[in-house]
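These are my notebook entries on a single model, written in the order in which I looked things up. I began with the sheets and went on to the cores, the helices and the backbone.

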Amino acid sequence: MKKIFSILTLSAAVLLAASCEDFLTKAPETNMSPESYFKSKAELEMWTNNFYADILPTAEDIVAQVADDHYTSSLNAIEKGTRTPSSKSWNEDTWKPLRRINYFFENNKCTDASASAMYEGVAYFFRAMFYFEKVRQYGDMPYYDKVIGSSDASLLNRPRDPRGYVMLKVCQDLDKAYELLPEKWEAYSVYKVTKDAAMALKSRAALFEGTFRKYHSGTEYVPEDEQTFDGVTISSKWFLEQAADAASKVMGKRSLYTGNTLGLASKAAKASYREYFILEDAETSETILSRRYNVDLLIRHGIQFNMKNGRHSATNRFVNHYLQSDGTPIQNRSGWQTLSYYDEFQNRDPRMEQTLHGPAYVAYEGKGHETLTFDRNLSGYRIIKFISSTDHENATTSTTDLPVIRYAEVLLNYAEAKAELGTLTPDDLAKTVNVIRARVGMPGLSAVPADPDALMKEYYPNAKGEQLAAILEIRRERTVELFCEGFRQWDLLRWNEGKWITPKSTGGFQGIYIPGFGEYDLDKDGKMDICVYDGSGPAPKTNVPATNVIGTGAGWTLSDGTSGYLTYHASEDYIWNDSRDYLWPIPVDQRSLTGGALSQNPGWDDGYNG
């Protein structure tokens with residue numbers, strides 16, 4: 001804890017890192033004391049601008065998150081089951097943002113009441129985001145709303161607070177942020193937190209806690225669902241109601257992007273969904289909060305570089321979530337489990353072709369149709385979401401803005417909260433799921449589903465509730481709409497479906513179906529595109545490009561040996577422990593520094609007996 005709270009106890013004499021945004025002006029280089037600082041609007045702005053850089057997820061953070069929906073050429077610790085309590089993951093950077101926020105609250109002495117309120121709203125927003133992200137990773141957390149002094153031994157060495165208490169504080173902070181923040185800032189509003197951002201984040205955080213409590217209640221993770229803190233009785237139901245109420249405060253004020261300025265459609269339908277994620281400047285109706293990237297400001301990201309070099313690949317499990325274009329599930333199609341790459345993309349939800357490289361893929365530069373290549377993916381399902389010009393494929397050369405919170409998520413948060421509560425109505429669907437589907441021309445739901453989809457029930461066996469069929473359909477919609485935006489891992493954890501993060505049951509991550517060894521014309525343009533052969537023998541003579549000549553064995557395998565789904569990472573020894581792996585371990589060095597005041601999470605044996 002010394003590393004943690006050395007940050008919380010430092011004397012703040014100097015403003016720290018400044019953003020490169022032109023609305024985020026640089027902090028002064030001279031030392032400033034709290035007595036002489038925090039008095040003007042400009043000073044409050046400069047201090048709180050650090051929160052954006054410290055706490056908002058980066059483009060790389062969001063795209064790097066993998067689960068059952070997509071994977072890369074290397075596996076992370078949660079996928080393999082190799083997380084360890086020895087990790088020193090609570091370093092200075094972990095706790096620095098909280099100290100800055102609480103220091104701001106204690107030293108704000110601006111006489112401009114309007115400015116003081118606005119920037120306190122910013123601070124409340126980011127303290128809520130800070131603690132929400134810690135709770136979803138570690139569960140119970142020590143909650144601090146003041147700067148800790150070096151002599152405050154009792155505070156430095158205190159037990160963790162219950163997750164329910166901390167999440168109550170998160171909701172309360174976001175309510176305060178909503179009260180204090182403006183509807184819109186004078187400039188660069190899409191890059192700043194607003195009232196809509198506060199309620200959108202509250203809908204996200206409360207939905208997470210409500211469903212986590214519902215699906216883990218009665219376990220070591222959540223021994224008691226209903227608890228009372230500071231006179232407020234919280235429960236899964238309470239959090240779900242908070243989520244729905246927060247989302248409702250945003251709904252009806254915004255709309256989804258429906259532009260088609262880049263002309264990327266490969267068929268008659270517009271490609272608004274695909275285009276939204278590669279706009280240089282954040283669209284301002286659907287986007288509630290965005291990170292800004294700009295070549296002139298020297299702020300760039302590496303999404304395309306990472307996707308290309310990590311060979312980010314979607315899975316067959318994910319692809320099966322896409323409905324057919326008439327709104328019926330894929331399993332209604334004869335032979336659906338052994339469809340070819342080409343046939344899988346036919347008559348499907350248009351978002352499939354706008355998210356993955358399909359047979360009719362057209363590149364951003366307008367070079368016409370491009371054949372799928374396996375130097376950029378491993379499964380046959382190459383991800384094209386966030387992919388724009390090839391000029392952005394080098395390290396940190398992308399300048400497309402990144403949506404951190406967008407309206408579509410808020411609509412899905414509302415629909416899911418209502419379904420989990422058992423109170424979803426046809427009108428709710430009309431205002432949420434149907435709006436999202438309408439953007440891509442998909443039919444909506446005229447009634448609340450009554451019969452659970454068999455495949456969705458297989459994929460989410462722990463789902464439960466009075467409106468089970470609706471819950472499953474909303475999960476389908478969320479999986480498709482929010483793909484690769486940093487949600488999937490957390491969704492599986494809160495739904496008590498974490499075992500799907502590690503593909504133990506399928507022996508690796510499965511991709512397109514291959515009927516057997518041989519050559520295949522994937523896009524049916526008359527040219528052979530891929531050659532799959534038995535890797536135990538010599539490579540066959542073929543005119544297929546070298547990148548698409550695949551030998552089974554060390555890397556790729558076929559799920560049935562000589563045929564089946566193209567599978568990768570099959571040789572890993574995947575581990576998933578339901579009684580342990582829904583939370584990260586508390587770093588053992590921090591437990592030791594507090595003399596054991598910090599308890600360890602369920603199932604993690606760190607060897608510390610202090």
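**Entry 1: a sheet of three strands.** I traced an open sheet whose three strands follow the order 7-12-11, with antiparallel pairing. Its edges are strand 7 (509-514) and strand 11 (556-558), and each of these pairs on one side only. From one strand to the next, I noted an average twist of 30 degrees. I am working from a predicted model throughout.

I then went through the pairings one at a time. Between strand 7 and strand 12 I found four bridges in the antiparallel sense. Y513 stands opposite Y565 of strand 12, and F509 stands opposite Y568 of strand 12. On the other side, strand 11 pairs with strand 12 over three bridges, also antiparallel. Here W556 has Y568 as its bridge partner in strand 12. Y568 thus stands opposite F509 and is also the bridge partner of W556.

How many residues of strand 12 are buried? I counted five of five, and I recorded the strand as mostly covered.

The connection between strand 11 and strand 12 is a hairpin with five residues between the strands, and within this hairpin G561 takes a positive phi near 95 degrees.

**Entry 2: a second sheet.** I found another open sheet of three strands, in the order 8-9-10, and its pairing is mixed. Strand 8 (518-520) and strand 10 (549-551) form the edges, each pairing on one side only. Ignoring direction, neighbouring strands of this sheet are turned by 20 degrees against each other on average. I looked more closely at strand 9 (residues 530-533) and strand 10, which run parallel and are joined by three bridges. In this pair, V532 stands opposite I550 of strand 10.

**Entry 3: nonpolar cores.** I next looked up the largest nonpolar core and found 121 residues in it. Those with the most contacts inside this core are F104, V122, F125, F126, Y131 and V193. Which helix gives the most to the core? I identified helix 6 (residues 113-138), which gives 15 residues.

I took Y131 for a closer look. Setting aside neighbours within four places in sequence, I listed its contacts as W95, L98, M141, P142, Y143, Y144, V166 and V170. A second, separate core has 49 residues, including Y341, F386, V480 and L558.

**Entry 4: a buried glutamate.** I then turned to E481, which lies in helix 20 (residues 468-481). Is E481 buried or exposed? I entered E481 as buried, because its relative accessibility is 0% and the cut-off for buried is under 20%. Not counting residues up to four places away in sequence, E481 touches Y273, R351, K385, R406, A408, L412, I436 and R439.

**Entry 5: a helix pair.** I examined helix 9 (residues 195-216) against helix 16 (residues 407-421). The two pack at an angle of about 30 degrees, with their axes 10 Å apart. I recorded their crossing as left-handed. From helix 9, the residues that meet the partner are A200, S203, R204, L207, T211, K214 and Y215. From helix 16, they are E409, V410, N413, E416, A417 and E420. By class, I counted five nonpolar, three polar and five charged residues in this contact.

**Entry 6: positive phi outside glycine.** I looked for positive phi values in residues other than glycine, since most such residues have a negative phi. I noted F38, with phi near 65 degrees. F38 lies in the loop between helix 1 (2-9) and helix 2 (41-55). I entered F38 as buried, because its relative accessible area is 2%.

I also noted H569, with phi near 60 degrees. Where does H569 lie? I placed H569 in the loop between strand 12 (564-568) and helix 22 (588-593). With a relative accessible area of 10%, H569 is buried.

Key. Residues numbered from 1 in each chain as written. Predicted model: local features only at pLDDT ≥ 70, side-chain atom pairs only at ≥ 80, totals over all residues. Heavy atoms only, no water. Buried < 20%, exposed > 50% of the residue type's maximum accessible area, 1.4 Å probe, protein only. Axes fitted to C-alpha atoms, helices over the stretch in contact; angles between N-to-C directions. Left-handed = near helix turned anticlockwise from the far one by under 90°. Contact = heavy atoms within 4.5 Å. Nonpolar A, V, L, I, M, F, W, Y, C, P; charged D, E, K, R; others polar. Pairing = 2+ DSSP bridges. Core = buried A, V, L, I, M, F, W, Y, C linked by side-chain atoms within 4.5 Å.
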